[in-house]
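Visitor: I'd like a close look at one part of this model: how the strands pair up near its C-terminal end, plus whatever is worth seeing around there. Please take it slowly.

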Amino acid sequence: IEQVGTGMRWAEGPVYFPSEKKGGAGYLLVSDIPNNRLMKFDEATGKFTEHKKNVNYANGNTRDRQGRLITCEHSVTRRVVRTEKNGKITVIADSFEGKRLNAPNDIIVKSDDSIWFTDPLFGINGEWEGERAKPEQATTNVYRVANDGKISAVITDLVNPNGLAFSPDEKKLYVVEWKGTPNRSIWSYDVNSDGTVGGKTKLIDGTGPGSLD
């Protein structure tokens, strides 16, 4: 294990960008949420520096299939954005059915270019990782954004869904649910060809044997 960076109040959402040149050095971006900034570790120089300030308390980050940065912003914007190659910011999602999102948290991109993200309350529960606000959504959902920009709530029955990931073949979606200490679980869903999910199964009980509580 090698420490490549320090000095953050809370590190989240690491995403690695490989070099566009074969065999070249890449770089890692990570959110420092309470300090409202993105940090960067450069493999070529070995330096860990501030990449960007005032990022709306960015949390989860990922890359899309075109190598662009996709970011979940906790506050005040409460949205999902894409940073274009020229630095321009494109808003991917900031509302659902006419109401503002809660606080987009973690995010992944499927091989069909659809974007999936979680929307718990953490970023609007206080001032530590965002700005306190009243939620407009009745539930804390997992959303899917299709190629045409249409957003759909694919999971609506989890309390504060957090991290998420696909299995290597993308036939399974794994989602962490956090109901409050010590109620944590990881759920598995079957991913259907039309972008819906089903077959909800508890994969890991975070309060069971071997838990950290």
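Guide: I'll start with the strands, move on to one asparagine, and finish with the pockets.

Keep in mind that this is a predicted model, where local features need pLDDT of at least 70 and side-chain atom pairs count only at pLDDT 80 or more, while totals for chains, interfaces and linings use all residues. Residues are numbered from 1 along each chain as its sequence is written, and side-chain values use heavy atoms, with hydrogens and water left out.

Let's go to the sheet ordered β15-β16-β17-β18, an open one built from four strands with antiparallel pairing. Strands here are DSSP runs (E, at least two residues), numbered from the N terminus, and two of them pair if DSSP finds at least two bridges between them. At the edges sit β15 and β18 (197-205), each pairing on one side only. From one strand to the next, the twist averages 25° (axes are lines fitted to C-alpha atoms, with angles from 0 to 180 degrees between N-to-C directions).

Zoom in on the middle of that sheet. Eight bridges hold β16 (residues 172-180) and β17 (residues 183-191) together in the antiparallel sense. You can pick out two of the matched positions: Gly180 has Asn183 of β17 as its bridge partner, and Val175 stands opposite Trp187, also in β17. On to β18, which is joined to β17 by six bridges, again antiparallel. Look for Ile186 there, whose bridge partner in β18 is Ile204. β17 and β18 make a hairpin with five residues between them, and in that turn Gly195 has a positive phi of about 90°.

Now for a residue that touches this sheet. Asn160 lies in the loop between β14 (151-155) and β15 (161-166). With 10% relative accessibility, Asn160 counts as buried (under 20% relative accessible area, 1.4 Å probe, protein chains only). Its contacts (heavy atoms within 4.5 Å), leaving aside neighbours within four places in sequence, are Pro120, Leu121, Phe122, Thr140, Val176, Glu177 and Trp178.

β14, on the other side of that loop, belongs to another open sheet: four strands in the order β11-β12-β13-β14, with antiparallel pairing. Its edges are β11 (107-109) and β14, each with a single partner strand, so one side of each has no neighbour in the sheet. Neighbouring strands here are turned by 25° against each other on average, direction ignored. Between β11 and β12 (residues 115-118), which run antiparallel, there are three bridges, and Val109 stands opposite Ile115 of β12.

That same Ile115 leads us to a pocket (an open set of 1 Å grid points where a 1.4 Å probe fits, with protein on both sides within 12 Å along at least five of seven lines; lining residues have an atom within 4 Å of a point). The second largest pocket has 14 lining residues, and Ile115 is listed with Arg82, Asp113, Ala146 and Asn147 as lying nearest its centre. Its space comes to about 230 Å³, and its lining has six nonpolar, three polar and five charged residues.

Finally, the largest pocket has a volume of about 480 Å³. It is lined by 26 residues, with Phe17, Tyr27, Leu29, Leu69 and Thr83 nearest its centre. The lining divides into ten nonpolar, seven polar and nine charged residues.

Conventions: Points joined across faces, edges and corners; volume = space filled by probe spheres on them. Nonpolar A, V, L, I, M, F, W, Y, C, P; charged D, E, K, R; others polar. Buried < 20%, exposed > 50% of the residue type's maximum accessible area, 1.4 Å probe, protein only.
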